[in-house]
Each structure stands twice: as C-alpha cells, then as structure tokens.
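The following exercises concern pairs of charged side chains. Please study the sequence and the model before reading each solution.

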Amino acid sequence: MHLHDLWFILIAVLWTGYFFLEGFDFGVGILTRTLARNTAERRVLINTIGPVWDGNEVWLLTAGGATFAAFPDWYATLFSGFFVPLLLILVCLIVRGVSFEYRHQRSGERWQRNWELAIFWTSLLPAFLWGVAFGNIVHGVDIDADKNYVGTLWDLLNPYALLGGLTTLVLFTFHGAVFTSLKTSGEIRLRARAQATGLGLATAVLALVFLVWTQAHSGNGWSLAALVVAVLALLGALGANRLAREGWAFALSGLTVAAAVGMLFLSLFPDVMPSTLNPDWSLTVTNASSSPYTLKVMTVVAVVFTPLVLLYQGWTYWVFRRRIGVQHIPAAAHH
C-alpha cells in the first residue's frame with residue numbers, strides 16, 4: 001500500500017472518530033431545546049457533555065491538520081472553495097465553546113437563557129453544514145484544470161448536499177438522544193428514549209435515501225457493504241433503544257455514524273474531490289498528496305502519539321461515566 005493511500009484511510013478514520021464523538025455532542029446541544037423542559041434539565045444535558053466536548057473537537061483539529069500536511073492541494077481547494085460554510089462552522093464552534101464556559105458565570109435568568117440558545121443554534125448549524133460539505137465533496141464540485149474551485153456558494157446548496165445536511169442533522173440528534181438516555185436518570189432518561197425512537201425512524205428514511213443516492217452515483221462493492229452495515233446498525237439501535245438496552249443502543253448508533261461516514265469515503269476513493277467539469281481535473285490521492293518523505297515523517301509521528309491520545313480520551317470518558325439527573329442540580333436551578 002502506498003503512503004498516500006494509507007493517509008487517505010487515516011484521514012477517513014479521523015473524520016469518522018470526529019463525527020462519532022461530536023455527533024452525539026451536537027445532538028445533546030440540540031436536545032437542550034427540544035427535550036429539556038426547564039433550566040435544571042438543560043443543565044443536566046449540558047453536564048453530560050461538559051467534561052468531554054472540547055476533547056471531541058481535537059479530532060477535528062487533527063483531521064484538518066492531517067489533511068493540510070498529507071494532501072495540501074485537497075486542503076487548499078476545499079478551504080478556499082467552501083470558505084463560507086466552513087467559516088460558519090468555525091464561528092459556531094467558537095461561540096459554542098464560549099457558551100459552555102460563560103453560561104454559569106452569572107446567575108441571571110436572561111443571561112443563562114441567551115447562552116443556552118447559543119448552544120442550541122451552534123450545535124444545530126454545524127450538524128447540518130457538515131453534511132452539506134461532505135455531500136458536495138462526494139458528489140463533486142466545479143474544479144478547473146488548476147485545481148481551483150470555480151463554482152459559487154449557491155452551487156453548494158444542491159439537492160444532494162442539502163439532503164446530506166438534513167441526514168447528518170437528524171442522525172446526530174438521534175445519536176445524542178441515545179447518549180442522553182445512557183447518561184441520565186429519572187424522567188429525562190425516559191423522555192430521551194422516547195424521543196430517540198421518533199428521531200431514529202426519521203433518520204432511517206433520510207439516511208436510506210441519501211446513502212442509496214450516493215451508492216447509485218459513485219458507489220462500489222465496499223461502499224455497498226458499508227451501506228448495509230449502516231442500515232442494520234440503525235435498525236439494531238432502534239431495537240435496543242426500545243428494549244431499554246441503552247449501552248447497546250449507543251454502540252449501534254455510533255456504528256451507524258461510522259458506517260455512513262465510511263461509506264462516503266469508500267465511494268470517494270481514489271478521488272479526494274471529484275471535478276464535475278472534467279474527470280481528469282479531479283483531485284486524487286495521487287495528484288493532491290505531499291511528497292513521500294513528508295508522508296513518511298507523518299506516519300512515524302502518528303504511530304508514536306495516536307495511542308497516547310486515545311488512551312487519554314478513553315480515560316476521560318471512564319472517569320465521567322456515571323449517570324446524572326435533576327437531583328444532582330442545585331435547587332436554585334429548578335425553575
């Protein structure tokens with residue numbers, strides 16, 4: 001296997017890890033307005049991701065950095081062509097982080113309500129925009145012979161990409177509802193489980209249409225296998241959620257996310273950004289990659305540091321594994 005193929009796989013793994021972790025993270029943020037009924041319940045939801053949300057975003061930084069180093073032409077075309085949606089995502093992530101930190105700095109109801117609204121919107125928008133972005137990457141965009149994106153912002157808002165955005169939005173919210181039922185106790189746990197059922201059914205419809213469309217457009221045998229795994233995992237997650245097997249439900253909803261993202265990358269390879277103007281102008285793992293020496297150095301660094309990062313993040317989740325409920329929230333917040 002060539003190193004540029006290996007790094008395509010590693011970048012796919014990084015994005016899969018990011019969407020697995022940040023997916024339920026975004027979902028919980030959205031549920032602060034659709035599931036929680038009062039300030040105390042919103043605090044419960046926020047506290048379920050409070051210790052881990054920033055660690056989840058490390059996967060995004062690593063995926064972006066790896067793309068920049070391993071495939072500089074892919075990075076340049078992607079971030080210049082998708083500048084507006086990616087900038088919106090970045091602003092949302094910044095405001096979201098500030099919201100988590102500033103929300104509890106003052107006790108005023110209006111102050112807390114505004115930051116809670118910020119958490120909701122800055123969770124919803126990235127969950128949608130990531131689907132739009134990856135929908136365009138897989139489906140192809142207007143790239144010329146000089147590897148430049150020559151389309152417009154409106155070209156990115158095509159039916160396939162918008163369907164991708166709706167799919168990731170609902171899928172991540174479902175993933176977040178399953179995570180909430182796993183991490184909470186009391187009435188909010190029961191409501192999260194009930195809401196997960198409806199979200200899971202909506203996800204099944206949207207995801208099936210989107211993934212079948214992807215398979216018909218650019219799929220292969222490997223992507224078809226990933227599609228089947230995604231569908232079966234989603235059905236399994238719905239069944240486990242109905243049986244109140246919350247650990248299994250979360251594992252299977254996570255597998256759904258991983259298989260769906262994996263399918264996108266499998267259908268994309270060996271391209272990294274297909275050109276809709278001329279297939280010969282597409283960016284591939286070969287013509288968009290760095291030099292073999294750069295990839296070799298990156299591989300050594302990844303082998304050394306990746307296990308350490310995984311161990312640290314796994315330890316964090318283990319430390320904060322216990323359920324929380326409204327009874328753990330100070331009485332002053334029960335209004």
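**Exercises on salt bridges**

Glu 116 is buried, with a relative accessible area of 3% (buried means under 20% relative accessible area, exposed over 50%, partly exposed in between, with a 1.4 Å probe and protein chains only). The model is predicted: local features need pLDDT of at least 70, side-chain atom pairs count only at pLDDT 80 or more, and totals for chains, interfaces and linings use all residues. Residues are numbered from 1 along each chain as its sequence is written, and side-chain values use heavy atoms, with hydrogens and water left out.

**Exercise 1.** Determine which parts the salt bridge of Arg 42 and Glu 116 ties together.

*Solution.* Step 1: A salt bridge is a side-chain nitrogen of Lys or Arg within 4 Å of a carboxyl oxygen of Asp or Glu. Step 2: For Arg 42 and Glu 116, the N to O distance is 2.8 Å. Step 3: Arg 42 belongs to helix α2 (residues 39-49) and Glu 116 to helix α6 (residues 109-139), so the pair joins parts 74 residues apart in sequence; helices are DSSP runs (H or I, at least four residues), numbered from the N terminus. Step 4: Arg 42 is buried as well, at 12% relative accessibility.

**Exercise 2.** Identify the location and exposure of Asp 73.

*Solution.* Step 1: Asp 73 forms a salt bridge with Lys 147, with 2.9 Å between the closest N and O atoms. Step 2: Asp 73 lies in helix α4 (residues 72-81), whereas Lys 147 lies in the loop between α6 and α7 (159-183). Step 3: Asp 73 is partly exposed at 28% relative accessibility.

Note on methods:
Helix = DSSP H or I, 4+ residues; strand = E, 2+ residues; numbered from the N terminus.
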